[in-house]
Number of protein chains: 2
Amino acid sequence: MTEVTDRISRRQVDKFAERRAQLATSALRTLSELGYARTSLREIAQNSDFSHGVLHYYFRDKVELITYCVKLYKAECVTRYDQIVATARSADQLRVDFSQALATTCDEDGSMHRLWYDLRNQALFERSFREDVLEIDKTLELMIWRIVSTYADLSAATITVSRSTAYALFDGLFQQALLRHLSGEPKALDDLREGVEQTLPKLLLP
Amino acid sequence: MTEVTDRISRRQVDKFAERRAQLATSALRTLSELGYARTSLREIAQNSDFSHGVLHYYFRDKVELITYCVKLYKAECVTRYDQIVATARSADQLRVDFSQALATTCDEDGSMHRLWYDLRNQALFERSFREDVLEIDKTLELMIWRIVSTYADLSAATITVSRSTAYALFDGLFQQALLRHLSGEPKALDDLREGVEQTLPKLLLP
DNA sequence: GAGTTTCTTGGACAACTGTCAAGAAAATCT
DNA sequence: AGATTTTCTTGACAGTTGTCCAAGAAACTC
């Protein structure tokens, strides 16, 4: 709230924010590779085009950097699944598209998501992360809820679980698949698809 | 001669193993308090009755210590829920007991479980943790499966999801409840109970 | 009780951490 | 152009980390 925001309020807000985002992107890359526990500011700087000192020019401390990274990650994650909702024509198609999208995400963006789980876990220990983590979690919960609601509409049925329960169920499926997939289990993605496709109809009134 | 030396060596082995367990228990206490990222060997030793140097007498390095702790934790966690299965008289009773047990665990042993999730997450980054984590995960999966199977038997119905899916669903519910409960959300435990009681019947054939 | 093995301590080490400040470099302004 | 502000580098700091080791304490054997 002191020097950093002062610099922001001066003039080249865009450039400042742009560099922040650039540094945060490098940080995200490094974080997703090494995890929270083993990522240092020097390691982050080394994987960027700048020296380690510059991080404290754009971020007050390590916590602010990590928090900013988490929020940047959120922006990437939010609008990803809404296209599935938009293009769904039938309940079955939505069901298959959704399970396929989760499997693809697990496969292609696995290391970004293990970072998300890592940071969410840090929130279990460090209070300073909780607010942002809960906010992102809520965003993901709403995203899942849009899927489930649309599925219920297309099925002309009513939902029998709460928003948070629906999110927790699919999150559990995804997290387990991620661990198994990263561990090299070949069936991990197939099991994820099958689990999702089996679970989704069960959330509706029979 | 062989009997004597056997007895001696066995006694030494027992004592050695006993101290290992003792140190690991201290380590678990510290780990569950601080989390993997912020727990150092000196911190562990300080919360025990020994100096920091002794840890390298009983454990080769930090990884072996953590791995041993994880396995010790597993031993505590395995047989906890089997009593519910043993004493269940009706499907409804099992359902309520199970959801209540999860809520109680979340409330009373929350910090031990956040450590479990922390270590499981480390396995997403560090290969050396994976084998043990997957082994513990399998044990928990079987525990959940015993609950679900018994519930199906008492309901005289068949299960419609796989073992791993059933585990993933309840694990997701528990993990979300843990985050919310530690964040001070009053409804977290109630929502957990409700979510579990709603989910369990859905796993059976309608 | 002497001798041997087992256990424990506390200190030393090198590497690493987040943080900061002084100044070089670059960009901007007058 | 020079002056001034913004950006970035470099090196230093104090603290912490995992690891190792010599030396002493304790337990045990004979």
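The following exercises, each with a worked solution, concern a predicted model of protein chains and DNA.

Residues are numbered from 1 along each chain as its sequence is written, while chains are lettered from A and ligands numbered from 1 in the order in which they are written. In this predicted model, local features need pLDDT of at least 70 and side-chain atom pairs count only at pLDDT 80 or more, whereas totals for chains, interfaces and linings use all residues.

**Exercise 1. Describe the overall build of chain A.**

Solution. Begin with the secondary structure, in which helices (H or I, at least four residues) and strands (E, at least two) are DSSP runs numbered from the N terminus. Chain A contains eleven helices and zero strands. Next, consider the extent: along the principal axes, the C-alpha atoms of chain A fill a box of roughly 60 × 40 × 30 Å. Then consider burial. A residue is buried if 20 or more other C-beta atoms lie within 10 Å of its own, exposed if 12 or fewer, and partly exposed in between, with C-beta atoms placed from the backbone. Of the 206 residues of chain A, 37% count as buried.

**Exercise 2. Examine the length and surroundings of helix H10 of chain A.**

Solution. Helix H10 of chain A runs over residues 163–182 and has 20 residues. The expected span of a helix is 1.5 Å times one less than its number of residues. From first C-alpha to last, H10(A) reaches 29 Å, close to the expected 28 Å. As for its surroundings, 17 of the 20 residues of H10(A) are buried, so this helix is largely enclosed by the rest of the structure. Just after H10(A), Gly184(A) takes a positive phi of about 90 degrees.

**Exercise 3. Determine how chain B is related to chain A.**

Solution. Two copies of a chain are related by a rotation about an axis and a shift along it. Copies are superposed by least squares on the C-alpha atoms of residues with pLDDT of at least 70 in both. A turn of 180 degrees and a shift of 0.0 Å along the axis lay chain B on chain A with an RMSD of 0.1 Å. This is the relation of a two-fold axis. In chain B, the C-alpha nearest the axis belongs to Gly172(B), at 1.8 Å from it.

**Exercise 4. Analyse the side of chain B that touches chain A.**

Solution. Two residues are in contact if their C-beta atoms, placed from the backbone, lie within 7 Å. The contact takes 36 residues from chain B and 36 residues from chain A. On the side of chain B, the elements that give two or more residues are helices H7 (110–125), H8 (127–155), H9 (163–182) and H10 (188–202). The largest share, twelve residues, comes from H9(B).

**Exercise 5. Characterise the surface near DNA strand C.**

Solution. A residue is near a strand if its C-beta atom, placed from the backbone, lies within 6 Å of it. DNA strand C is surrounded by 18 residues, and Ser40(A), Gly53(A), Asp61(A), Phe50(B) and Gly53(B) are the closest. H1(B) supplies the largest share of this surface, four residues. For the composition, Ala, Val, Leu, Ile, Met, Phe, Trp, Tyr, Cys and Pro count as nonpolar, Asp, Glu, Lys and Arg as charged, and the others, Gly among them, as polar. The residues near DNA strand C divide into five nonpolar, seven polar and six charged.
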